[in-house]
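Please open the model in your viewer and keep the sequence panel beside it. The tour below goes from one selection to the next and says what is found at each stop.

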Amino acid sequence: MKMILDLDTGVDDSLALTLALASPEVELIGVTAVFGNVARDLSARNSLAVMAMLGRTDVPVYLGCDRPRTASERYEATLEVKDIHGANGLGEVEIPDAPRAPEESSAVDFIIQAAERYGSELTLVPTGPLTTIAAALEKDPSLARKIGRIVLMGGALTVGGNVSPCAEANIANDPEAANVVFSSGANITMIGLDVTLRTFLPRGDMDRWRAFGTDAARALANVTEYYMLHEAAARERGGCVQHDPLAVAAAIDPTLVRTTAVPVRVDTEGALRGRTIGDNARLLAGPFVNAAIEVDAPRFERMFSERVEALLRAAS
Ligand code: CA
C-alpha cells in the first residue's frame with residue numbers, strides 16, 4: 001500500500017515511523033510534518049533524521065501547518081510537552097541531521113496530488129493534530145472521496161482524555177480541524193485512547209534493543225526510554241503505551257482492531273473543548289467514522305517488536 005505519514009515527531013511518532021519503514025506491505029511515499037509534540041519545522045527535521053539513521057534518505061518530507069487553525073501565532077511546544085518528549089522531541093538524544101532538507105512544495109499539495117494519482121491505494125496515517133489534513137480536505141473538496149483511507153491516532157470516545165478529563169492531545173491541539181476531518185465523509189478509522197491505552201512497550205525491551213549493538217538501536221532505545229522515564233504513567237508502569245505505532249499497525253492490518261461506526265464530532269467550547277463524541281445531528285445519516293473500540297494488543301505488540309527489532313538489528 002502507498003502510505004503517507006502525517007507526524008509531529010515526537011517519541012512515539014519516531015516509533016510509528018520506524019514500524020512503517022520496517023513493514024514490507026508499506027511503500028512510504030512521503031512524510032508530512034505538522035506541529036504538536038514539537039514545532040512544525042523541528043517535526044520535519046526529526047522525521048528526516050530518524051529515517052536517515054535507519055538508512056532511508058529516499059523518502060521526501062513536506063511541511064504542513066505550523067499552527068492550529070484558530071491561532072495567530074506559530075505553535076511552540078509547552079514546557080509540559082518538552083518535559084515528556086525532550087526539548088528536541090527526541091528525548092534529548094542527538095540524532096544527526098539528515099543529508100536532505102524538506103521539500104519546497106507544501107504538505108497540503110502533496111497529499112492532494114498523491115490522492116489524485118493513487119486514489120483508493122493511498123492510506124494516510126495522521127498521528128498529530130489534524131490541521132494539515134483539514135486544510136487539504138478544504139482545498140480539494142474531492143479529496144475525501146478520492147483518498148483510500150485515513151487511519152488516525154486521536155480522540156477518546158469511551159474513555160477519558162489525556163490532556164483534560166475528556167480531551168486527547170492530538171484532537172485538543174486543533175478541535176476545529178478535527179471537526180472538518182471527521183465530517184468530511186472520507187473513509188476514516190479513529191485509533192483513539194480507547195485502544196491505544198491497552199497497548200504496552202516494556203522498559204526492559206530497551207536493554208534488548210541496545211544489545212543489538214547498532215547505533216540506530218542504541219539511539220532509538222535511548223529516545224524511547226527518555227519518554228518512559230518522563231511521562232508520569234509510563235514511569236509508574238515501567239513502560240509506555242503505544243499511541244502512534246498502533247495507528248500504523250491498524251492501517252497495515254485492520255483486523256488488529258474492532259471498530260464501531262459513530263458520527264464523531266468534536267466539542268470546541270469551554271471545558272469540553274477537544275472532546276470527541278457522537279454527533280446527534282448525524283446519528284442516522286452520517287458521515288460515520290470507524291472508531292476502534294477493541295484491540296488485539298498481544299498480536300500488535302508481537303508485530304511491533306518483531307518488525308522494529310529486525311530493522312534495528314540490520315541498521316548501521
Ligand atoms: Ca504524534
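## First stop: a pair of rings

Select Tyr62, which is buried, with a relative accessible area of 11%. Bear in mind throughout that what you are looking at is a predicted model. Now add Phe110, which is likewise buried at a relative accessible area of 11%, and look at how the two rings face one another. The ring centres of Tyr62 and Phe110 lie 3.9 Å apart and their planes meet at 10 degrees, so this pair is stacked, since planes under 30 degrees apart count as stacked. If you colour by secondary structure, Tyr62 falls in strand β3 (residues 61–63) and Phe110 in helix α4 (residues 107–118), so the pair ties together parts that are 48 residues apart in sequence.

## Second stop: an aromatic cluster

Next, select Trp209 and Phe304, which form an aromatic pair that is tilted, with 6.4 Å from centre to centre and 35 degrees between the planes. Trp209 belongs to helix α10 (residues 204–211) and Phe304 to helix α14 (residues 297–314), so here the pair ties together parts that are 95 residues apart in sequence. Are Trp209 and Phe304 buried or exposed? Both of them are buried. Add Phe300 to the selection as well, and you will have one aromatic cluster made up of Trp209, Phe300 and Phe304.

## Third stop: the nonpolar cores

Keep Trp209 in view, because in soluble globular proteins, nonpolar side chains tend to be buried together. The largest nonpolar core has 66 residues, and those that touch the most other members are Met3, Leu5, Leu28, Val31, Ile191, Trp209 and Leu312. Show helix α11 (residues 215–230) too, for this helix gives the most to the core, with eight residues. To see one member with its surroundings, select Leu28 and display its neighbours: leaving aside residues up to four places away in sequence, Leu28 touches Met3, Leu5, Leu17, Leu21, Met51 and Val59. A second core, separate from the largest one, has 37 residues and includes Tyr62, from the beginning of the tour, together with Leu124, Ala136 and Val289.

## Fourth stop: the calcium ion

Which protein residues supply the donors of the calcium ion? Select the ion and then Asp8, Asp13, Thr127 and Asp244: Asp13 appears twice among the donors through OD atoms, Asp8 and Asp244 also donate through OD, and Thr127 donates through O, with distances of 2.2 to 2.7 Å from the ion. Along the chain, these donors follow the spacing D-x4-D-x113-T-x116-D. Asp8 sits in the loop between β1 (2–7) and α1 (11–21), while Asp244 sits in helix α13 (residues 243–252), so the pair ties together parts that are 236 residues apart in sequence. Asp8 is buried at a relative accessible area of 1%, and Asp244 is buried at 2%.

## Last stop: the whole chain

Finally, clear the selection and zoom out to the cartoon view, where the secondary structure comes to 14 helices and twelve strands. The radius of gyration is 18 Å, close to the 20 Å that the globule rule gives for 316 residues, so the chain is as compact as a globular protein of that length. Rotating the model, you can follow a C-alpha trace that spans about 55 × 40 × 40 Å along its principal axes. Of the 316 residues, 57% count as buried. If you switch on the surface, its accessible area comes to about 12400 Å², of which 50% belongs to carbon and sulfur atoms.

How values were computed:
Residues numbered from 1 in each chain as written. Predicted model: local features only at pLDDT ≥ 70, side-chain atom pairs only at ≥ 80, totals over all residues. Heavy atoms only, no water. Donors = N, O, S within 2.8 Å, 3.2 Å for Na, K, Ca; no water. Helix = DSSP H or I, 4+ residues; strand = E, 2+ residues; numbered from the N terminus. Buried < 20%, exposed > 50% of the residue type's maximum accessible area, 1.4 Å probe, protein only. Core = buried A, V, L, I, M, F, W, Y, C linked by side-chain atoms within 4.5 Å. Contact = heavy atoms within 4.5 Å. Rg over C-alpha atoms; globule rule 2.2 N^0.38 Å. Areas by Shrake-Rupley, 256 points an atom, 1.4 Å probe, with all protein chains shown as cover. Phe/Tyr/Trp six-rings, centres within 6.5 Å; stacked < 30°, edge-to-face > 60°.
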